[in-house]
Amino acid sequence: MADLHFELVTPEKLVRSDDVYMVVVPGTEGDFGVMVGHAPVMAMVKDDAAIQVFKTAGGQPENIKVSGGFAEVSERGLTILAETAEG
């Protein structure tokens, strides 16, 4: 199965651009997981929450703390435009 292309961007820089298995996004309407083939969607990201990035199926997630912003899932993958990101 192909990997999901994931990009995390802040106003200052591109924080991460990587192909991953899955990302769990902390949306203001609830957390949601994104894998390759996910339906297109836009959502607001919660303030002071952590994105969970899974490099492989069944692997341990990498947590990246973010504050606010938007998540967009498209045919190109997942892009998160965050106000701040650390991790």
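In the next few minutes I will walk through the strands, the core, a few single residues and the salt bridges of this structure, which is a predicted model.

Let me begin with the strands, since the rest of the talk hangs on them. Strand S1 covers residues 4-9, strand S2 covers 14-20, and these two run antiparallel, joined by six bridges. Together S1 and S2 make a hairpin that leaves four residues between them. If you look for Leu8, you will see that the residue standing opposite in S2 is Arg16.

Further along the chain, S3, which spans 22-27, pairs with S6 in the antiparallel sense, and three bridges link the two. Here Val24 has Gln52 of S6 standing opposite. S6 is also joined to S7 by five bridges, again in an antiparallel arrangement, and within that pairing Val53 has Glu62 in S7 as the bridge partner. While you look at these strands, it may help to remember that in a regular strand the side chains alternate between the two faces of the sheet.

Now, which residues touch the most other members of the largest nonpolar core? That core has 18 residues, and the ones with the most contacts to other members are Phe6, Leu8, Val23, Val25, Ile51, Leu78 and Ile80. Two or more residues come from each of the strands S1, S3, S4, S6, S7 and S8, and S7, which runs from 62 to 74, gives the most, namely four residues.

Leu8 is a good place to see how distant parts of the sequence meet. Setting aside the neighbours within four places in sequence, Leu8 is in contact with Leu14, Val15, Arg16, Ile51, Ile64, Val66, Ile80, Ala82 and Ala85.

Two residues outside that list of core members also deserve a careful look, and both have low accessibility. Thr10 sits in the loop between S1 and S2, and Thr10 counts as buried because the relative accessibility is 9%, under the 20% limit. Not counting residues up to four places away in sequence, Thr10 touches Val15, Ala82, Glu83, Thr84 and Ala85. Ser67, for its part, lies in strand S7 and is likewise buried, at 15% relative accessibility. With the same sequence neighbours left out, Ser67 touches Lys46, Asp47, Asp48, Ala82, Glu83 and Thr84.

One of those contacts, Asp48, brings us to the backbone. Asp48 is placed in the loop between strand S5, residues 41-44, and S6, and with a relative accessible area of 58% Asp48 is exposed. The phi angle of Asp48 is near 50°, a positive value in a residue other than glycine. For background, most residues other than glycine have a negative phi.

Turning to the surface, what kind of patch do Met42, Met44, Phe70 and Leu81 form? They form a nonpolar patch, and together they have about 430 Å² of accessible area. Phe70 belongs to strand S7, and Phe70 counts as partly exposed because the relative accessibility is 45%, which lies between the limits of 20% and 50%.

Finally, how many salt bridges does the structure hold? There are five, and I will describe some of them. Arg16 and Asp18 meet through their side chains at 3.1 Å, N to O; Arg16 is buried, with a relative accessible area of 14%, whereas Asp18 is partly exposed at 22%.

Another salt bridge brings together the side chains of Asp31 and Lys46, at 3.6 Å, N to O. Because Asp31 lies in strand S4 and Lys46 in the loop between S5 and S6, this pair ties together parts that are 15 residues apart in sequence. Asp31 is exposed at 52% relative accessibility, and Lys46 is partly exposed at 35%.

A further salt bridge forms between Arg76 and Glu75, whose closest N and O atoms are 3.8 Å apart. Both partners count as exposed, Arg76 at 60% relative accessibility and Glu75 at 71%. Beyond single pairs, there is also one network, in which Arg16, Asp18, Lys55 and Glu62 are joined by salt bridges that share partners.

Definitions and conventions. Residues numbered from 1 in each chain as written. Predicted model: local features only at pLDDT ≥ 70, side-chain atom pairs only at ≥ 80, totals over all residues. Heavy atoms only, no water. Core = buried A, V, L, I, M, F, W, Y, C linked by side-chain atoms within 4.5 Å. Buried < 20%, exposed > 50% of the residue type's maximum accessible area, 1.4 Å probe, protein only. Contact = heavy atoms within 4.5 Å. Patch = residues over 30% accessible without salt bridge, like charges linked within 9 Å, V, L, I, M, F, W, Y side chains within 5 Å. Areas by Shrake-Rupley, 256 points an atom, 1.4 Å probe, with all protein chains shown as cover. Salt bridge = Lys/Arg side-chain N within 4 Å of Asp/Glu carboxyl O. Pairing = 2+ DSSP bridges.
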